[in-house]
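Subject: Structure handover

Dear colleague,

Please find below the structure I said I would pass on. My notes on it follow.

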Amino acid sequence: MRRYDAPDGKLYLETIFPLFWVEQKAGWSSIPAAIPTYLRIRDVHKRAVEFILDLDVHKLELQRQRLAEHLATNEREWRLRLDEIERLMRRNGCKSDGLPLKQTSLKDDLNRGQILVADREKWIPLRDMLSGLRRRVFELTSLPIPTVGEAAQDTALELDHLIKEVDVLNARRIAHHNAKSLKETDIGSLERRIKSLAEDLQKNQDVQKLQRFAGTVSDLSPDRCPTCEQSLHDILLAQDALTAVMPIEDNIRYLRSELKMFENILKRETESIQAINNATSSMDRELSELYDRIRTLRTDLISPNISPSLAAVEERVRIENRLKDLQEAQTAFDESVDHLRSLADVCESLLKLQAALPSDKLSKSDTQKLSWLSAAIRVLAREFNFTTFNPSEISVSEDTYRPQKEGFEIGFETSASDAIRLKWAYQLGLLELEAAERTNHPGILIFDEPRQQSSAKVSFEGLLKRAAQAKERGQQVIFSTSEELENLERLTATLDCTRLFFDGYIVKSIS
């Protein structure tokens, strides 16, 4: 079984032939053609016409889908890269700042990205921190390591200062912990409120849907029993207070606004608790360093006076390690930003390709082909004596490619014979379009018993005359009919055509 390439894959020959080979049994039952649907090809009627007319519409739609998928993949990679940056920053007590949270094609936006490092109660740029650490390392390495005795007084003073600093930092950490607990409580309350509002909104939308299906608006006032219709007076609220019930539409609008407001509050609270977590993580790291420093200073105070100061050595090692860690963080951040720049380049190219696609569903060529086909069908329908309504009202739908009138598909409002005439016009229109525009039509049209529903002889004569013009365009129209021989000879006497007459059945048993 052979297949032709189509915009969305493959079209079997069975789906294409009905557009230029109309057989008697089912071929006259629909417009544009009785195309088989058992091959599980999505929108097979549209795909077949698009292939025959060589339309760009489906190709453009596939391109739009592919571009949208590539943009979505680009956005996911952008988000993953940002998450990786955040994880790296948290490990080093830092945070990123200035990077776009959503993908962008503007690489200048990435130039504002930087790393911030916690320094006591404020965040400073990492580059400033690195400059300070480098100066401190230079100062320490340029001096000899002092002995315990030489540094004893400074050690005692530093120890007292660090113990006070630890107390202050612990107090701040407890305050942050309490604030975090309150935020978590608020977030839990907000989530429950949002869930309740979402349920109420869904119930109101269900009621609205039921009212729309029923075609009536029911009374929502609970002053009567819905089962027995008796008045309800044994309630605490006054009956007149129950009559002013907000309409469903107003309810839905109110609930949506409430839901949006609480979602925005939840977003702010979540961002706030994230900031608290970052600050707490920074304080934990700082406390760990302070406790290590305190232990080292206390060790110095009980060491022999002639021993090298362990605190001085430890400070050098600690600062050098911190400098190394932050430099590695800066390098990793720069590499990630470079990757984001490459994603921005991809995004820019995808957006350019997206902008280059036609804004309308149809390309200029597609619109021209369908306009030509509509005009041809109108001329042919008039020539074939289509009378149900004025043929000038006929056009081809840009969605279904079927004949329509005033935006509505032409169906049962036509007579049976006019439906056949419209079928003639459509099939011949496809054939004649092949000579005017680039299409995939084979240039041949076969009609099996075209005079369906006892179409008027004058209409059939017009069909034969129009079909005979195909020879001038290098095309071929074939008719097979059981029309009376005398009538056929009269109708074709003046036409430039080839006639083959068969006595009896064309296919016979040879036994």
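In what follows, contact means heavy atoms within 4.5 Å. By that rule, and leaving aside neighbours within four places in sequence, Glu449 is in contact with Gln24, Trp28, Ser480, Thr481 and Ser482. Glu449 sits in the loop between strand E10 (444–448) and helix H10 (457–468). The cut-off for buried is under 20% relative accessible area. Glu449 has 15%, so this loop residue counts as buried. Please keep in mind throughout that this is a predicted model.

Overall make-up

The protein chain has eleven helices and eleven strands. It runs to 511 residues, of which 38% count as buried. Taking the contacts between residues at least 6 apart in sequence, 72% join residues at least 24 apart.

Two pairs illustrate separation in sequence against distance in space. Asp108 and Arg341 are 233 residues apart in sequence, yet their C-alpha atoms are 9.3 Å apart. Asp108 belongs to the loop between strand E4 (94–97) and strand E5 (114–119), and its relative accessibility of 56% makes it exposed. The other pair is Lys203 and Ile252, with their positions 49 residues apart in sequence and 9.5 Å from C-alpha to C-alpha. Lys203 is part of helix H5 (residues 152–214). Lys203 is exposed too, at a relative accessible area of 53%.

The cis peptide bond and Arg402

Most peptide bonds are trans. The bond that joins Ile31 and Pro32 is cis, with omega about 10 degrees. Pro32 lies in the loop between strand E3 (21–22) and helix H2 (44–53).

Which residue has a side chain that reaches the backbone oxygen of Ile31? It is Arg402, at 2.5 Å. Arg402 is in the loop between strand E7 (394–396) and strand E8 (403–405). Not counting residues up to four places away in sequence, Arg402 touches both Ile31 and Pro32, along with His45, Ser395, Val396, Ser397 and Glu409. Both partners of the cis bond are therefore on the contact list of Arg402, where contact is taken as heavy atoms within 4.5 Å.

Positive phi

Most residues other than glycine have a negative phi. Two residues to look at here are Arg40 and Asn385. Arg40 has a phi near 60 degrees, which is positive in a residue other than glycine. Like Pro32, which is in the loop between E3 and H2, Arg40 is found in that loop. Its relative accessibility is 81%, so Arg40 counts as exposed.

Asn385 has a phi near 65 degrees, again a positive value in a residue other than glycine. Asn385 is placed in the loop between helix H8 (364–383) and E7. With a relative accessible area of 32%, Asn385 is partly exposed.

Helix H11

Helix H11 covers residues 485–492, and its buried residues are Asn487, Leu488, Leu491 and Thr492. Viewed down the axis of H11, these buried residues fall within an arc of 115 degrees, so they line one face of the helix. The spacing fits the general rule: an α-helix has 3.6 residues a turn, so residues three or four places apart point the same way.

The cavity

How many cavities of 30 Å³ or more does the structure hold? There is one. The largest cavity has a volume of about 40 Å³. Its lining is made up of Arg90, Gly93, Cys94, Trp123, Asn278, Ser281 and Ser282. By class, that lining has two nonpolar, four polar and one charged residues. Helix H6 (residues 248–301) gives the most to the lining, with three residues.

Where to start

If you open the model with these notes at hand, two places may serve as starting points. One is the cis bond between Ile31 and Pro32, together with the side chain of Arg402 that reaches the backbone oxygen of Ile31. The other is the largest cavity, with Arg90 and Trp123 among its lining residues.

Regards

Note on methods
Residues numbered from 1 in each chain as written. Predicted model: local features only at pLDDT ≥ 70, side-chain atom pairs only at ≥ 80, totals over all residues. Heavy atoms only, no water. 1 Å grid on protein atoms, 1.4 Å probe; cavity = no way out; pocket = protein on both sides within 12 Å on 5 of 7 lines; lining within 4 Å. Points joined across faces, edges and corners; volume = space filled by probe spheres on them. Helix = DSSP H or I, 4+ residues; strand = E, 2+ residues; numbered from the N terminus. Nonpolar A, V, L, I, M, F, W, Y, C, P; charged D, E, K, R; others polar. Polar contact = N/O pair within 3.5 Å; in protein donor to acceptor, adjacent residues only side chain to side chain. Buried < 20%, exposed > 50% of the residue type's maximum accessible area, 1.4 Å probe, protein only. Arc of directions from axis to C-beta.
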